[in-house]
Amino acid sequence: MASEKIVVIEDEPDILEVLQFNLEREGFEVKTASSGTEGLQVVEREEPDLVLLDLLLPGVDGLDVCRRLRSSSRQSNVPIIMVTAKGEESDVVLGLGLGADDYVQKPFSPKELVARVKALLRRSQQPTLDEAPKRIVRGPVVIEPERHRILVDGEKRDFTPTEFRLLHFLASHPGRVFSRDQLVNRAIGDQAVVIDRNIDVHIRSVRKKIEPHRDLIETVRGIGYAFRELSSGDGATHPAEADPF
Ligand code: CA
């Protein structure tokens, strides 16, 4: 099997070298870029399995790179881990809102970073956690896990791996309310470091992508979120589950 390819976008040569060394030691193929502009070019050219993206870059900064990757046609689904300076919580929230899947804060240990990379790759390659991969039809929303594809009103929409898992998980249990904690643990995976309110950011993004059907994801005040239970005849393939949590 060909090794998985990672593009690292980082302007500090020392950090870049450490990242490259540690990832290559784990068997990954690593391509590097030292600016946002170069990073975008390398990602388009290399079509990597994952992008490691420093936020503080000269010229086109990391948030901009993230935004452009998500809106570009060919690489819009690539998993992205942001690297942020410690304490830049607002950048983290912004970055996740722009479609990054995870983040690490400097200073990080190479071991932690490699674990994060592996976890995200696992998550993005297996979009389903506890569901057999099968097509789910919920009214206007059709989820095809095998093809990693979501259709809304018959039109393909692009979701990040995290958004995909979140929508897939909620839609797999219509009518059932999940807390933010449960969504982090069950939908996103226990490797996630997504803090509580970041779930809200992902949900907001998912809602935007299923427009004009954003109300299919209901906010249950004080508890969390649920995928709206549709009446029979909507093509639902799972009955609602009754088990309480
Ligand atoms: Ca930097």
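The exercises below, each with a worked solution, concern a predicted model of a protein chain with a calcium ion.

**Exercise 1.** State how many helices and strands the chain has, and what share of its residues counts as buried.

*Solution.* Counting the secondary-structure elements gives eight helices and twelve strands. Turning to accessibility, 52% of the 245 residues of the chain count as buried. For the contacts between residues at least 6 apart in sequence, 61% join residues that are at least 24 apart.

**Exercise 2.** Identify the protein donors of the calcium ion, and decide whether D54 and L56 are buried or exposed.

*Solution.* Begin with the donor atoms, which are OD of D11, OE of E12, OD of D54 and the O of L56, at 2.1 to 2.9 Å from the calcium ion. Next, read their spacing along the sequence, which follows the pattern D-E-x41-D-x1-L. Finally, compare accessibilities: D54 has a relative accessibility of 3%, and because buried means under 20%, D54 counts as buried. L56 has a relative accessible area of 69%, and since exposed means over 50%, L56 is exposed.

**Exercise 3.** Classify the packing of helix α1 against helix α5 by angle, and list the residues that make the contact.

*Solution.* Take the geometry of α1 (residues 13-25) and α5 (residues 110-125), whose axes lie 10 Å apart at an angle of about 60°. This angle falls outside the 65 to 115 degree range for roughly perpendicular and is not under 35 degrees, so the two helices are oblique to each other. The crossing of α1 past α5 is right-handed. On the α1 side the contact is made by V18, L19, N22 and L23, and on the α5 side by P110, L113, V114 and V117. Sorted by class, this contact comprises seven nonpolar residues, one polar residue and no charged residues.

How values were computed. Residues numbered from 1 in each chain as written. Predicted model: local features only at pLDDT ≥ 70, side-chain atom pairs only at ≥ 80, totals over all residues. Heavy atoms only, no water. Donors = N, O, S within 2.8 Å, 3.2 Å for Na, K, Ca; no water. Buried < 20%, exposed > 50% of the residue type's maximum accessible area, 1.4 Å probe, protein only. Axes fitted to C-alpha atoms, helices over the stretch in contact; angles between N-to-C directions. Helix = DSSP H or I, 4+ residues; strand = E, 2+ residues; numbered from the N terminus. Parallel < 35°, antiparallel > 145°, perpendicular 65-115°, else oblique. Left-handed = near helix turned anticlockwise from the far one by under 90°. Contact = heavy atoms within 4.5 Å. Nonpolar A, V, L, I, M, F, W, Y, C, P; charged D, E, K, R; others polar.
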